[in-house]
Amino acid sequence: MINEQVWLELSEVLTASKATLVAVSKKQSVAAIEALYKLGQRDFGENYVQEAVEKAAQLPDDIRWHFIGHLQSNKVKYIVPFVHLIQGVESFKLLQEINRQGVKNNRVINVLLQVYIADEATKFGLDEKEVIELMDYYTAQKEQLANVKICGVMGMATATDDEQQLREEFGRLYAVFQNLRQSYFLADGSFKECSMGMSGDYQIALAAGSTMVRIGSLLFGTRV
Ligand SMILES: *Cc1c(COP(=O)(O)O)cnc(C)c1O
C-alpha cells in the first residue's frame, strides 16, 4: 500500500520548490490510488495505455492523468479523451496524431517533448538538434496543430548513484528547456514544465530546476 508519511514530506518539499508531484501509479492498484487521492494527491502518472484507460474509468474525474514514457501512435486515440498531459512526445508523427485525436475530441492536448539525456541506449527521446527541429516544425504549423500544445520538456537520467553525472544530465535538460523557452515562447507562459526526477534522483533534479517530478516506488513501494 501507500506510504503516507513519504507523501506528506514530498508534498511539503515540492510546495516549497513550486514543483508538481506526479504520483507514478503504473502497476499499482485502484485502491492504492484512491488512498493517495484521499490525502489530496491529484496528479497521477501511468505508462501503459490499457491500464490507464481502465483506471481512469474507475476513478474520480478530477484526477489529472499524465501519460509518461513511450506512446505508440496507434494508441493515442484511447488516452486523448481524458489525458491531462502526455509526457514523452518524440516525433512529428506522434505530434500530428495527438493533434488529430485532439480535433476529434474537441480538446487541446498538452504535451511535453521527451529529451534524451542519459547515457543508456534503452531510453527514448530526442537529441538537442532533433528537439529544435520539432519546435521549428510545430512553430511553422501552429495553425494546423492547434489541438496540441507543447508545454515543456521531460527527461530521464541514467540509472546511477553518481551524483555528479546526474547533476550534469539534469543540468543539460534544464539548459535545453531554458533555451527553447527563450527562443520560441517569449510572450507565451504556457511553456513552463521541465519534468525531471524520479524516486532515486528527485532531490538532484529539483536542485537543477525541475518543475515536475514523477515518483512511483517511494510512494507506493516496489512495483510487482
Ligand atoms: C516508472 C517511471 C517513473 C517512476 O519511477 P520510480 O523510480 O518508481 O519513482 C518515472 N518516470 C517514468 C517515465 C517512469 O516510467
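By class, six nonpolar residues, one polar residue and one charged residue make up the lining of the largest cavity. In this classification Ala, Val, Leu, Ile, Met, Phe, Trp, Tyr, Cys and Pro count as nonpolar, Asp, Glu, Lys and Arg as charged, and the others, Gly among them, as polar. The structure analysed is a predicted model, in which local features need pLDDT of at least 70 and side-chain atom pairs count only at pLDDT 80 or more, while totals for chains, interfaces and linings use all residues. Residues are numbered from 1 along each chain as its sequence is written, and side-chain values use heavy atoms, with hydrogens and water left out.

The lining consists of E46, A52, W65, H66, F67, I79, F82 and V83. A cavity is a set of points, on a 1 Å grid over the protein atoms alone, where a 1.4 Å probe fits but cannot get out, and lining residues have an atom within 4 Å of a point. One cavity of 30 Å³ or more is present in the structure, and the largest cavity holds about 30 Å³ of space. Such a volume is the space filled by probe spheres set on the points, with grid points joined across faces, edges and corners. Strand β3 (residues 64–68) contributes the most to this lining, with three residues. Strands (E, at least two residues) and helices (H or I, at least four) are DSSP runs, numbered from the N terminus.

Aromatic contacts were examined next. A pair of aromatic rings is described by the distance of the centres and the angle of the planes. Rings of Phe, Tyr and Trp (its six-membered ring) pair if their centres lie within 6.5 Å; planes under 30 degrees apart count as stacked, over 60 as edge-to-face and the rest as tilted. Across the whole structure, four aromatic pairs are found. One of them joins F44 and W65 in a tilted arrangement, with 6.1 Å centre to centre and 40 degrees between the planes. Because F44 belongs to strand β2 (residues 43–46) and W65 to strand β3, this pair ties together parts that are 21 residues apart in sequence. F44 and W65 are both buried, where buried means under 20% relative accessible area, exposed over 50%, and partly exposed in between (1.4 Å probe, protein chains only).

The pair of Y174 and F177 is likewise tilted, because the ring centres are 5.6 Å apart and the planes stand at 50 degrees. Both residues lie in helix α7 (residues 163–184), three residues apart, which is about one turn of the helix. Y174 is partly exposed, at 23% relative accessibility, whereas F177 is buried, at 1%. Y174, F177 and F191 form one aromatic cluster.

A charged side chain also meets an aromatic ring. R42 lies over the face of Y37, at 3.6 Å from the ring centre; a charge sits over a ring if NZ of Lys or CZ of Arg is within 6 Å of the ring centre and within 35 degrees of the ring normal.

Polar contacts are illustrated by S199, which is located in the loop between β7 (193–195) and α8 (202–207). A polar contact is a pair of N or O atoms within 3.5 Å; within protein, one must be able to donate a hydrogen and the other to accept it, and residues adjacent in sequence count only if both atoms are side-chain atoms. The side chains of S199 and S217 make such a contact, at 3.4 Å. In addition, a polar atom of the S199 side chain lies 3.1 Å from the backbone nitrogen of L218.

Backbone geometry was also considered. Most residues other than glycine have a negative phi. K18, which is not a glycine, has a positive phi near 55 degrees. This residue, K18, lies in the loop between α1 (4–17) and β1 (20–24) and is exposed, with a relative accessible area of 75%. N106, also not a glycine, has a positive phi of about 55 degrees. N106 lies in the loop between α5 (92–104) and β5 (109–114) and is exposed at 70% relative accessibility.

Further residues are buried. M135, in helix α6 (residues 128–140), has a relative accessible area of 0% and is therefore buried. The C-alpha atoms of M135 and L113 are separated by 9.3 Å, with their positions 22 residues apart along the chain. A157 lies in the loop between β6 (148–154) and α7 and is buried, with a relative accessible area of 6%.

Key
1 Å grid on protein atoms, 1.4 Å probe; cavity = no way out; pocket = protein on both sides within 12 Å on 5 of 7 lines; lining within 4 Å.
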